[in-house]
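Work through the exercises below with the coordinates open. Each task is followed by a stepwise solution.

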Amino acid sequence: MSMTSTVRGGSWLIEEQVPVPGALLTREAITEEHRLIGQMADEFVTTEVLPALERLEQKDWALARQLVRRAGELGLLGTDVAEAHGGVALDKVSSVIVGESIGRSASFAATFGAQTGLVITPLTCFGTDAQKATYLARLVSGEATGAYALSESGSGSDALGARARATRLPDGSFALNGEKMWITNGGFADIFIVFAKVDGEQFTAFIVERGFPGVSTGHEEHKMGLHGSSTTPLILQDARVPAANVLGEIGSGHKVAFNVLNYGRLKLAAMSSGGARAIVAEAAAYAVQRKQFGRSIGSFGAIKHKLAEMTIRQFAVESMLYRTAGLIDGAMQEPLNPGANAPHDGAAVLAALEEFAIEASILKVAGSEMLDFVVDENVQIHGGNGFVRDYPAERHYRDARVNRIFEGTNEINRLLIPGMLIRRALKGTLPLIAAARKLQDDILSPSLADPVADTALAPERAAVSAMRKVSLMVLGTAMQTYGEKLTDEQEILTLSADIIIDLFAAESVLLRAAAAGARPELYHAAARVFIHDAAERVETAARTALGAIAEGDTLRTLLAALRRLLKVQPVNTVALRRVIADAVIERKAYVF
Ligand SMILES: Cc1cc2nc3c(=O)[nH]c(=O)nc-3n(C[C@H](O)[C@H](O)[C@H](O)COP(=O)(O)OP(=O)(O)OC[C@H]3O[C@@H](n4cnc5c(N)ncnc54)[C@H](O)[C@@H]3O)c2cc1C
């Protein structure tokens, strides 16, 4: 990929974005190399992982380890790792493509995600040369398996409230005591990244081997879903950990934990996207073959609506996903942190992931909620067959649910989205306050809404521009009204997050549809439906938020501005959805 001019995370909230020269923008623009790695990952899942699912669900962890090993042999565990440490050093778009393939098997995706995103990533970014030499190559080859132990029974969302303690011993080593909960791969991992407080205060990450004295794991949790993934407690009883196994600095465990989550959220969205692609195909195939009233159920408008909506929501997540991965790759090529210049240098990776942390949180929320919608409608399309174990629809439904809980719950991520934007605004790295002030001056102007040109997607472009102004209006008014106390107004922050998510999704969909070359009809149809409905959602959320923030004449002025901005052009979304559903039914597949 050629050099790109650096784009700052969150800048789409301030001004209209145009395609960045040299940065991958859409899934359609992937290279031959990307396609080949995707094909290999797909083949691995089809021929080796999916046939093993029943045995994995019976907790055959020797098989899980074998599959991790195979993934390592194929290079799939090392897409983010430099060749010097056994990796294949590909870009983030490649990791997204691999994540999508692996996401077709949710249980194995949890195993794979813990190994790569939660263990290999922190070692890559924070490990010393000696730690990398001891652990990284073994994890990347799949010879060793890994797990990440942050949560405890009393501290999940409040991760820094952990009680696990690391006591310094006279020889410089540490004795770890405590119990970690919900540890993915706990039943069979060899290496754990464990968070504990040194002397009860300094939150720190450690590399802990299963074989160290005092380390053990508990019983498997009885979970709603992901039965083919191991989840256990990790018990530390005077567990002896050498001083050399501190990961990062003592007292800087939060940096390890939070940076890992930034990337984990992007990968979770990739896995949700891959899962949804496969499930749309499953739903379409079922709808074609299932007959009621003498007709295939796929011929009924009510079912077409579902198939189209499943497809459109996935289209939106995918559009955000590839755009974000392309931007991260661009930032790693031309680092925001000038001290770091090799694409797989830990500092460059960290700077790029942090820059796009807002987009990663958006993707986590949007990806997990889209997948929940898709699995739910898949059950509905399957009718009674969706409720019994003879069909995979029931398993997908159970497996998807946890995505809204781990990698930071969706509530926490929704709070983070405006929270990070505001922090950047106050630090001066994002000109949000100036943009909100300018908008305030424009609010009384009759030309508040952009004029609509007479070209394809022009009304959609105008709607996205209006959503941007509404986002600024709501967030700017909230900041002005509440000041520092805005953090206490979670309902307003959550409504702002919903508006901002819809803005980023709508702009991503628009950019993708505008870039669609030959046969753009389906792309335009998906973009038009998504943006039309997003504008309506944004209006409702903005009205609710403003109703709580302002009153009297100020509120009346703001609501009048809102009405002028979001005067949505009438669109026949029923007809557009039918066009998409007919294509899905004809191909018995997701169509983008
Ligand atoms: C299958 C599975 C696998 C997991 N794998 C791992 C793993 O490998 N490693 C690991 O360390 N952890 C893992 N976890 C734990 C997971 O990360 C936590 O469950 C998650 O962070 C939520 O924490 P909690 O369960 O304590 O919920 P809580 O934090 O108690 O949250 C309960 C509810 O309160 C809300 N809430 C909490 N705080 C706030 C707030 N400040 N404002 C508003 N709402 C709030 C939450 O959003 C949620 O709706 C796993 C969990 C599961 C179920």
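**Exercise 1.** Classify Asp-199 as buried, partly exposed or exposed, then describe its backbone and its place in the chain.

Solution.
- Step 1. The model is a predicted one.
- Step 2. Take the accessibility. Asp-199 has a relative value of 37%. Buried needs under 20% and exposed needs over 50%. Asp-199 therefore counts as partly exposed.
- Step 3. Check phi. For Asp-199 the angle is near 55°, which is positive although the residue is not glycine.
- Step 4. Locate the residue. Asp-199 sits in the loop that links β4 and β5 (202-209).

**Exercise 2.** Which element holds Asp-238, and what is its phi?

Solution.
- Step 1. Asp-238 belongs to strand β7.
- Step 2. Its phi is near 50°, again a positive value in a residue other than glycine.

**Exercise 3.** Decide how Thr-47 is placed: which helix holds it, and is it buried or exposed?

Solution.
- Step 1. Thr-47 is part of helix α1 (residues 32-49).
- Step 2. Its relative accessible area is 51%. The cut-off for exposed is over 50%, so Thr-47 is exposed.
- Step 3. Look for a polar partner. A polar side-chain atom of Thr-47 lies 2.7 Å from the backbone oxygen of Glu-43.
- Step 4. Compare sequence and space. Val-96 is 49 residues away from Thr-47 in sequence, and their C-alpha atoms are 20 Å apart.

**Exercise 4.** Trace the strand pairings around β2 and β3, giving direction and bridge count for each.

Solution.
- Step 1. Start with strand β2 (residues 165-168). It runs antiparallel to β3, with 4 bridges between them.
- Step 2. Read off the register. Thr-167 faces Ala-175 in β3, and Arg-168 faces Phe-174 in β3.
- Step 3. Inspect the turn. The hairpin of β2 and β3 has 5 residues between the strands, and there Gly-172 has a positive phi near 95°.
- Step 4. Find the parallel partner of β2. Strand β4 (residues 191-198) is joined to β2 by 2 bridges and runs parallel to it. Here Ala-166 is opposite Val-198 in β4.
- Step 5. Move on from β3. Strand β7 (residues 231-241) pairs with β3 through 8 bridges, antiparallel. Gly-178 is opposite Leu-236 in β7, and Phe-174 has Val-241 in β7 as its bridge partner.
- Step 6. Extend past β7. Strand β6 (residues 215-217) is antiparallel to β7, with 3 bridges. One facing pair is Ser-216 and Ile-235 in β7.
- Step 7. Keep the general rule in mind when viewing side chains. In a regular strand they alternate between the two faces of the sheet.

**Exercise 5.** Test whether the length of helix α14 fits the expected rise, then describe its cover.

Solution.
- Step 1. Helix α14 covers residues 458-482, 25 residues in total.
- Step 2. Apply 1.5 Å a residue. The expected span is 36 Å, because the count used is one less than the number of residues.
- Step 3. Compare with the model. The end C-alpha atoms of α14 are 36 Å apart, which agrees.
- Step 4. Assess cover. Of the 25 residues of α14, 21 are buried, so by the cut-off of under 20% the helix is mostly covered.
- Step 5. Look just beyond the helix. Gly-483 follows α14 and has a positive phi of about 55°.

**Exercise 6.** How many residues surround the ligand, and which of them are closest?

Solution.
- Step 1. The shell has 18 residues. Ser-151, Ser-157, Trp-182, Thr-409 and Glu-411 are the closest.
- Step 2. Sort the shell by class. It has 10 nonpolar, 6 polar and 2 charged residues.
- Step 3. List polar approaches. An N or O atom in the Ser-151 side chain is 2.7 Å from a ligand nitrogen. A polar side-chain atom of Ser-157 is 2.6 Å from a ligand oxygen. For Gln-490, a polar side-chain atom lies 3.0 Å from a ligand nitrogen.
- Step 4. Quantify burial. The ligand alone exposes 970 Å², and the protein buries 67% of that.
- Step 5. Map the shell onto elements. β1 (146-149), β3 (174-184) and α12 (410-427) each give two or more residues to it.

How values were computed
Residues numbered from 1 in each chain as written. Predicted model: local features only at pLDDT ≥ 70, side-chain atom pairs only at ≥ 80, totals over all residues. Heavy atoms only, no water. Near = heavy atom within 4 Å. Polar contact = N/O pair within 3.5 Å; in protein donor to acceptor, adjacent residues only side chain to side chain. Areas by Shrake-Rupley, 256 points an atom, 1.4 Å probe, with all protein chains shown as cover. Nonpolar A, V, L, I, M, F, W, Y, C, P; charged D, E, K, R; others polar. Buried < 20%, exposed > 50% of the residue type's maximum accessible area, 1.4 Å probe, protein only. Pairing = 2+ DSSP bridges.
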